[in-house]
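Welcome, and please take a moment to turn the model around before reading on. The paragraphs below will lead you through it step by step.

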Amino acid sequence: EDKGKTLGVDMSMVVQNQREIQLATTEAERLLLQLEKPAPDVGPTEEERWRTGTNLVRNPGFEDGRDHPDFWEPISGDQKHPQHRCVSWVPSPEEGKGKCIRFSVPKDIAATYGAAYYSEPISIEDGAIYRFSIRVRSDGPTVKVFLKHYRFFPPGPDEKEGQWRETRRAPLNCKGDRGQWATYTRDFRPHRTDHDGKFDPTVTRIELYAYWPQGDVYFDDVVLKKLK
């Protein structure tokens with residue numbers, strides 16, 4: 001902050017979502033280090049793709065399915081399952097908004113494992129930039145959403161079968177007013193350019209996650225689009 005005052009940079013901001021924080025942090029670093037402004041990764045063309053492009057999440061509003069939402073994992077009926085025990089597929093608390101996923105997180109789960117629920121794998125492309133958004137309402141618990149990226153590895157010397165392994169992730173902290181719906185957004189590039197690519201993922205899964213304190217959380221309207 002002292003350096004910011006010296007350079008005449010206002011370092012104080014109040015923002016509503018993760019994307020604004022990312023952009024503000026990058027700009028603050030540039031000003032403090034007196035660097036030239038780089039060409040933006042996301043410009044008007046990419047913003048138009050965000051508005052009109054195809055959503056890569058199938059069943060993004062949790063409307064379709066029988067025992068659980070299509071293209072999302074089955075909800076376990078096993079009461080010993082520490083995370084699924086508090087996951088349900090319910091009508092939205094917003095009138096006329098269809099269905100959503102609800103976590104009803106009890107104290108013992110909130111203080112230990114937390115509750116988690118996954119989408120099916122979604123293919124991602126080498127070198128692409130993606131944008132993700134989701135609507136969340138928390139009546140208490142802390143909420144995070146992860147884009148977990150995986151790559152299939154062939155069997156090693158002592159293994160009979162290959163396996164999918166998580167090689168990267170893109171987290172999204174969903175901090176909003178208690179009991180209010182809010183949309184959270186972030187851009188991410190799942191691949192890196194500073195190595196030989198052997199850990200670059202080929203699919204991603206969306207993980208909805210909530211932990212302490214106890215209470216209810218609702219998730220709806222999940223969007224993932226390729227911008228570039």
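What follows is a walk from the overall layout to individual residues and their partners.

First, a word on the ground rules. This is a predicted model, in which local features need pLDDT of at least 70, side-chain atom pairs count only at pLDDT 80 or more, and totals for chains, interfaces and linings use all residues. Residues are numbered from 1 along each chain as its sequence is written, and side-chain values use heavy atoms, with hydrogens and water left out.

Let us start with the layout. The protein has 4 helices and 10 strands; here helices (H or I, at least four residues) and strands (E, at least two) are DSSP runs, numbered from the N terminus. Read from the N terminus on, the order of elements is α-α-α-β-β-α-β-β-β-β-β-β-β-β. Of the 228 residues, 39% are buried, where buried means under 20% relative accessible area, exposed means over 50%, and partly exposed lies in between (1.4 Å probe, protein chains only). About 13,500 Å² of the protein is exposed, and carbon and sulfur atoms supply 48% of that area. These areas come from the Shrake-Rupley method with a 1.4 Å probe, and for residues only the protein chains shown count as cover.

How do distant parts of the chain meet? Among contacts between residues at least 6 apart in sequence, 74% join residues at least 24 apart; a contact means heavy atoms within 4.5 Å. Strand β2 (residues 99-105) offers an example in V105. With a relative accessibility of 3%, V105 counts as buried. Not counting residues up to four places away in sequence, V105 touches C86, A110, A115, P141, Q214, G215 and D216. One of these partners, C86, is 19 residues away along the chain, yet the C-alpha atoms of V105 and C86 are separated by 5.7 Å.

Next, find S133 in strand β5 (residues 130-138). S133 is buried too, with a relative accessible area of 6%. Beyond its neighbours within four places in sequence, S133 is in contact with W50, T183, Y184, T185, D221, V222 and V223. Now compare T142 in strand β6 (residues 142-153), which is partly exposed at a relative accessible area of 26%. Leaving out residues up to four places away in sequence, T142 touches Y209, A210, Y211, W212 and P213.

Two of those partners lead us to the backbone. A cis peptide bond joins W212 and P213, with omega about 0°, and P213 sits in the loop between β9 (203-211) and β10 (215-226). Most residues other than glycine have a negative phi, and most peptide bonds are trans. N59 has a positive phi of about 60° although it is not a glycine, and F62 likewise has a positive phi of about 60° without being a glycine. N59 is found in the loop between α3 and β1, and F62 lies in that loop as well. N59 is buried at a relative accessible area of 8%, while F62 counts as buried at 0%.

The loop between α3 (44-52) and β1 (87-91) also holds E63, which counts as partly exposed at 40% relative accessibility. Together, E63, D64, D70 and E120 form a negative surface patch. Such patches are made of residues with over 30% relative accessible area and no salt bridge, with like charges joined within 9 Å and nonpolar side chains (Val, Leu, Ile, Met, Phe, Trp, Tyr) within 5 Å. Lys and Arg count as positive and Asp and Glu as negative, while His and the chain ends are not counted. The place of a charge is taken as NZ of Lys, CZ of Arg, CG of Asp or CD of Glu.

Finally, where do opposite charges pair? Side chains of opposite charge can pair when their charged atoms come close. The structure holds 14 salt bridges, each being a side-chain nitrogen of Lys or Arg within 4 Å of a carboxyl oxygen of Asp or Glu. One of them joins E125 and K226, at 3.0 Å from N to O. E125 lies in the loop between β4 (122-123) and β5 and K226 in strand β10, so this pair ties together parts that are 101 residues apart in sequence. Another links E166 and R169, whose closest N and O atoms are 2.6 Å apart. Salt bridges that share partners also join E94, R135, D220 and D221 into one network.
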